[in-house]
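Open the model in your viewer and keep the selection panel at hand. We will go stop by stop, saying what to select and what is there.

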Amino acid sequence: MENIQKSFDVIVVGAGTGGTTAARFIAKKGLEVCLIDRKPRDRIGDKICGDAVGNEIFGLLNINHPKSEELSCHIKGIKLYSPNLKKCLTLIDPKQAGYIVNRLEFGQRLLNEAIDVGIKQFLDKTMALDLIYNNGTVNGLKVKLENGEKSELKAKLVIDASGFYSPIRKTIKSSLIEKNISKEDSLLCYREIIKFSPKDQEVQDPEYISIILDQEKAPGGYIWYFPKNESSVNIGLGAFMAYKGKVKDFYQRNVFQEYIKASKFETISSGGGVVPVRRPLWSCADNGIMFVGDSACQVNPLHGGGIDPSMRAGYYAANSAVSAIEKEDYSINMLWDYNHSVMTSFGAEFAALDLLRIVLQHLSNDDINFGLERDLLSGEEILEISSKGGLNLSLVNMAIKAFKGISRPNLLLDLNYLRIKMNEIYRLYKTFPENIAKFPEWKEDVIGIYDKIKRMIVNTKKSK
Ligand SMILES: Cc1cc2nc3c(=O)[nH]c(=O)nc-3n(C[C@H](O)[C@H](O)[C@H](O)COP(=O)(O)OP(=O)(O)OC[C@H]3O[C@@H](n4cnc5c(N)ncnc54)[C@H](O)[C@@H]3O)c2cc1C
């Protein structure tokens with residue numbers, strides 16, 4: 001492959017939702033972008049996923065909403081079930097309504113649109129191997145090309161959007177970037193897309209995605225039942241990584257057998273995957289490089305949705321890349337504004353939701369049934385938390401809750417302490433330092449909040 005171009009303004013690794021968005025918005029500014037992916041071009045977008053995406057991102061980026069063959073169905077909102085299924089909260093928020101997409105067609109559209117905007121070179125079946133540095137700054141990438149040849153590609157900047165298992169994050173020479181993501185901060189998922197005859201079985205609540213919290217059937221995660229059309233559903237579950245080897249059995253027993261009653265069905269797709277469920281990496285950039293999407297842990301910790309944030313981050317990274325190239329400065333000081341954009345926007349929500357996720361994962365089914373049945377958290381409050389990462393309860397509301405939760409004072413106290421810490425961390429992220437010099441101090445404050453929440457969980461366990 002002698003005829004490939006080898007030097008660019010930016011190399012983007014991974015043509016998923018994050019990478020195609022970053023590449024597209026950089027190319028739009030007339031810069032030379034090389035996008036690479038290890039998959040063949042016609043499999044780009046083919047990812048094991050719940051396929052749900054809210055509509056907000058398309059307006060925000062001013063790109064086409066899913067339609068025709070890439071659209072499975074429209075979604076009005078979420079139905080959230082307690083473990084004993086006695087309580088169902090219906091969460092409807094026009095901003096969070098959205099789509100179930102056909103992932104392959106959706107991914108192909110994002111790729112084709114990025115190529116049409118003017119990506120200089122797209123290399124499929126090309127594997128990123130390692131970074132190249134010049135004086136401690138990333139300035140290129142070693143790759144294995146389609147024909148098996150190894151090659152070096154040079155660039156002013158590299159954007160890594162190669163997903164959860166990013167080989168680049170794992171091997172980067174950096175004191176800012178975490179190489180490994182802890183097992184407690186990831187969920188192992190398994191899902192199938194099942195098609196049946198509408199005569200045999202009706203799709204339950206076809207305008208809603210349904211989520212069932214159950215610490216026994218899906219420990220640490222949840223069961224999902226998402227409609228695709230009148231005769232197929234995307235169903236699955238996520239659980240702690242410690243259940244490796246058991247998640248498919250959980251699926252068979254707790255999801256498939258419970259929700260598929262049709263005598264005849266077809267399994268259209270099946271498979272597992274890992275999703276990070278924590279706040280974004282401490283820093284999503286270093287000299288000459290930015291990380292986008294799953295590779296930077298930019299996934300909503302509460303529900304595992306990562307399509308929207310990966311696209312947002314792709315857009316922010318593109319803007320920072322364009323400014324850095326204009327100023328010919330590829331240092332972390334220059335790229336810090338990418339961190340600033342991430343942390344002060346969805347990063348703030350995700351940090352607050354991360355605290356909620358950690359506490360929820362330690363509650364028992366009894367606690368969750370009690371909390372949801374007694375309306376300790378109402379539908380509106382859950383929407384407020386999931387859209388703003390915080391909750392501003394009035395004194396009257398707090399008193400009502402105290403009364404309702406009187407038989408479980410510890411649970412109520414814990415939830416109140418959690419609410420205070422969520423608001424605290426949200427404010428901290430909203431005031432993320434504009435300058436890297438103040439970062440260590442800020443990081444200490446964030447660690448302090450996490451420590452307090454972890455201590456609360458330990459004390460609660462001791463008192464039981
Ligand atoms: C089971 C499951 C269900 C989910 N459900 C939902 C949902 O309903 N809604 C939602 O919003 N999110 C969901 N998510 C999360 C969502 O899929 C991801 O957050 C999102 O796809 C992130 O996109 P990305 O661009 O960061 O990475 P990816 O989409 O993973 O793309 C990474 C790309 O990099 C390529 N690549 C990897 N390594 C290399 C390499 N070495 N060299 C070259 N290329 C490489 C891959 O081939 C791939 O194309 C789910 C995840 C899982 C696992």
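**Stop one: the domains**

Colour the protein chain by its domain assignment, which gives domain 1 (7–51 + 102–181 + 278–330), domain 2 (183–276) and domain 3 (349–463). Bear in mind that this is a predicted model.

Now select domain 1 and domain 2. Their C-alpha centres lie 29 Å apart. Domain 1 puts eleven residues into the contact, and domain 2 puts in 15 residues. Look at the side of domain 1 that touches domain 2: by class, five residues are nonpolar, three polar and three charged.

**Stop two: the ligand shell**

Select the ligand and the residues around it. There are 39 of them, and G14, G16, G50, G293 and G306 come nearest. Next, highlight the elements that give two or more residues to this shell: α1 (17–27), β3 (52–54), β9 (127–134), β12 (186–196), β16 (265–276) and α6 (307–327).

Keep the domain colours on. Domain 1 and domain 2 each supply at least three residues to the shell around the ligand. Then recolour the shell by residue class: 16 residues are nonpolar, 15 polar and eight charged.

**Stop three: α1 against α6**

Two helices from that list deserve their own view. Select α1 and α6. Their axes come within 7 Å and cross at roughly 30°. An angle under 35 degrees counts as roughly parallel, so α1 is roughly parallel to α6. The crossing of α1 past α6 is right-handed.

Show the side chains next. From α1, pick T17, G18, G19, T21, A22, F25 and I26. They meet I307, S310, M311, A313, G314, Y315, A317, A318, A321 and V322 in α6. Which classes make up the contact of α1 with α6? Eleven of its residues are nonpolar, six are polar and none is charged.

**Stop four: α1 against α3**

Stay on α1 and add helix α3 (residues 103–117). This pair packs at an angle of about 20°, with the axes 8 Å apart. That makes α1 roughly parallel to α3. Here α1 passes α3 in a left-handed crossing.

Select T17, T20, T21, A23, R24 and A27 in α1, which meet L110, L111, E113, A114 and V117 in α3. By class, the contact of α1 with α3 has six nonpolar, three polar and two charged residues. T17 and T21 of α1 appear in the contact with α3 and also in the contact with α6.

**Stop five: α6 against α7**

Drop α1, keep α6 and add helix α7 (residues 332–361). The angle between α6 and α7 is about 155°, and their axes are 8 Å apart. Is this pair roughly parallel or roughly antiparallel? Angles over 145 degrees count as roughly antiparallel, so α6 is roughly antiparallel to α7. Their crossing is right-handed.

For the side chains, select P309, R312, A313, Y316, A317, S320, A324 and K327 of α6. On α7, take M334, L335, D337, Y338, S341, V342, S345 and F346. Colour the contact of α6 with α7 by class to finish: ten residues are nonpolar, three polar and three charged. A313 and A317 of α6 belong to this contact with α7, and they also meet α1.

Key: Residues are numbered from 1 along each chain as its sequence is written. This is a predicted model: local features need pLDDT of at least 70, side-chain atom pairs count only at pLDDT 80 or more; totals for chains, interfaces and linings use all residues. A residue is near a molecule or strand if its C-beta atom, placed from the backbone, lies within 6 Å of it. Helices (H or I, at least four residues) and strands (E, at least two) are DSSP runs, numbered from the N terminus. Ala, Val, Leu, Ile, Met, Phe, Trp, Tyr, Cys and Pro count as nonpolar, Asp, Glu, Lys and Arg as charged, and the others, Gly among them, as polar. Domain bounds come from an automatic or database domain assignment. Axes are lines fitted to C-alpha atoms, for helices over the stretch in contact, and angles run from 0 to 180 degrees between N-to-C directions. Angles under 35 degrees count as roughly parallel, over 145 as roughly antiparallel, 65 to 115 as roughly perpendicular and the rest as oblique. A crossing is left-handed if the near helix is turned anticlockwise from the far one by less than a right angle, and right-handed if clockwise. Two residues are in contact if their C-beta atoms, placed from the backbone, lie within 7 Å.
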